[in-house]
Amino acid sequence: MHVVIVGAGEVGWYLAQRLGAEGHDVVVIEQNEAIASAIAAQLDVQVVVGSATLPSTMKAARIDRADLLAGVTQNDEVNLIASLLAKEAGVPQTVVRIQTEELRGPAGARLREIMRADVVIDPDADTADEIMELTQASGADEVYQMSGGDLLVLGCTIGEGAALAGSTLAEIGASFEPDWRFLFGALTRNGETVIPRGDQRLEAGDHVRVLTNRQSRNEILELLGASHQRAKRVMVLGGGAVGTRVAERLEAAGADVVLVEHDLERARVLSEKLPRVTVVQGNIEDTDMLSEESITDKDLVIAATGDDAANVLACAFAATGRNTFTVAVIHRLSLLPLVRQFGIDAALSPRTASANAVLRHVRGGTASVATFLESDIEVDEIEIEADSQADGAVVAELHLPHSIVLGAVIRPGEAGRIVRGNTILHAGDNVVVFARPDSLPALRKAFTCGTDHR
């Protein structure tokens, strides 16, 4: 697949890295020469320096051969014009990042239609959605919806004294026969992530990603020693688009919410917009102010300003509270080690939230995609085609690469079921799969009957 990515910011870079690793033909358009040089030096992709609003730049990117264009710069106008030029060149699918609320809403509908944008993504809304999922599963540091939300991928660290610590996956599976309600799809230990097999023994301190149904979410968190509680007292740091959305939704859910915003005029606007939220004007790096607002007594603290370092430090201060669950929004992955060092419970990035939305369309038949900040393993939902190798096959006899594990099967009209070795697959089934990007071609070869498996 030939993919043109407009913008080498955090979302564009992440997409280029993922798609390049899969073997797609990726071209990145970037105006900043220094950023263009950096991405060309680090990734196996073609880079075109210039503006995507110019036909000559698009021609250099071979837009006439593209299967998909992703306009993911922070400039809405550039993304929209790039979409129009792509459509004029015959590109079948365009995904456009739009952050301005007016352009995303009804007032911008006609403009989006003129620019022929097929799919609109909004990093702020996507990040807010991920935060809200975390609030429903406190104790988990990652929550991703699959199969329309009926299935969840939960990420969490196994606690000391957890019921499942010390057991192998085979032993755990045997103890839950015949009704498996969850499956371990990835395990990280000492910085190395693997797709675990039956002889893998779980240890306290391991970070695991587990596929389960929504009803069993709290059960698996308890078994992993991840405490969870409803967040009644919440502090949101930052009154930007993400913080405002989260504060509004948490207050509507019944939480007592304090929102801290640095800008005085913005704080005034928010106090009028959110009358049942306590809005405080202040600097989130001011520990005296945070102490006055009882940050360490909150059930949940979410730092969602545009300043990564401030988010990390404020959450680190909040994490000194005995039962405070902390969530930091970060843009620079270089800060991730600090997140772990300072005892912060969860870190989210707009890059994965938005990139996952784009990857769903790159994948074609994929209904859901989840990628992670610290691992190349991803979770995909793929449909089995009639007359493919998987149609009518027993899972244990498919002989897929070890870098692939089938997690759950979803049939029309049925709830998702965890896959077993004796599960028989059929055309029309959607299968949730844990896989490394370089194994996806083998997976598509088994699940589809076409000739292009990239």
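In the predicted model, Val277 is in contact with Ala247, Glu251, Val257 and Leu259, when its neighbours within four places in sequence are left aside. One of these partners, Leu259, is 18 residues apart from Val277 along the chain, and the C-alpha atoms of the two residues are separated by 6.9 Å. Val277 itself belongs to the loop that lies between helix H11 (264-273) and strand S14 (278-281). The relative accessible area of Val277 is 7%, so this loop residue is classed as buried, the cut-off being under 20%.

A second loop residue, Thr324, is placed between helix H13 (308-318) and strand S16 (325-329). Because its relative accessible area is 7%, Thr324 is likewise buried. Beyond its neighbours within four places in sequence, Thr324 is in contact with Ile295, Thr296, Asp297, Lys298, Asp299, Val301, Ala318 and Asp345. Two of these residues approach the side chain of Thr324 through backbone oxygens. The backbone oxygen of Thr296 lies 3.1 Å from a polar atom of that side chain, and the backbone oxygen of Lys298 lies 2.8 Å from a polar atom of the side chain of Thr324.

Strand pairing was examined around strand S5 (residues 93-97), which is mostly covered, with four of its five residues buried. Strand S4 (residues 68-71) runs parallel to S5 and is joined to it by four bridges. Within this pairing, Gln93 of S5 is the bridge partner of Leu68. The connection from S4 to S5 passes through helix H4 (residues 76-88), forming a β-α-β crossover that is right-handed. S5 also pairs with strand S6 (residues 119-121), again in the parallel sense, over three bridges. In S6, Ile121 stands opposite Arg97. Strand S5 thus has parallel pairings with both S4 and S6.

With regard to confidence, the mean pLDDT of the protein is 90, and 97% of its residues reach 70 or more. Confidence is highest in strand S13 (residues 256-261), at a mean of 98. The lowest confidence is found in helix H15 (residues 350-362), where the mean is 78. In general, predicted coordinates should not be read in detail where pLDDT is low.

Note on methods
Residues are numbered from 1 along each chain as its sequence is written. This is a predicted model: local features need pLDDT of at least 70, side-chain atom pairs count only at pLDDT 80 or more; totals for chains, interfaces and linings use all residues. Side-chain values use heavy atoms; hydrogens and water are left out. Helices (H or I, at least four residues) and strands (E, at least two) are DSSP runs, numbered from the N terminus. Buried means under 20% relative accessible area, exposed over 50%, partly exposed in between (1.4 Å probe, protein chains only). Contact means heavy atoms within 4.5 Å. pLDDT is the predictor's confidence in each residue, from 0 to 100. Two strands pair if DSSP finds at least two bridges between them. A crossover is right-handed if, with the strands pointing away from the viewer, the path from the first strand over the helix to the second runs clockwise. A polar contact is a pair of N or O atoms within 3.5 Å; within protein, one must be able to donate a hydrogen and the other to accept it, and residues adjacent in sequence count only if both atoms are side-chain atoms.
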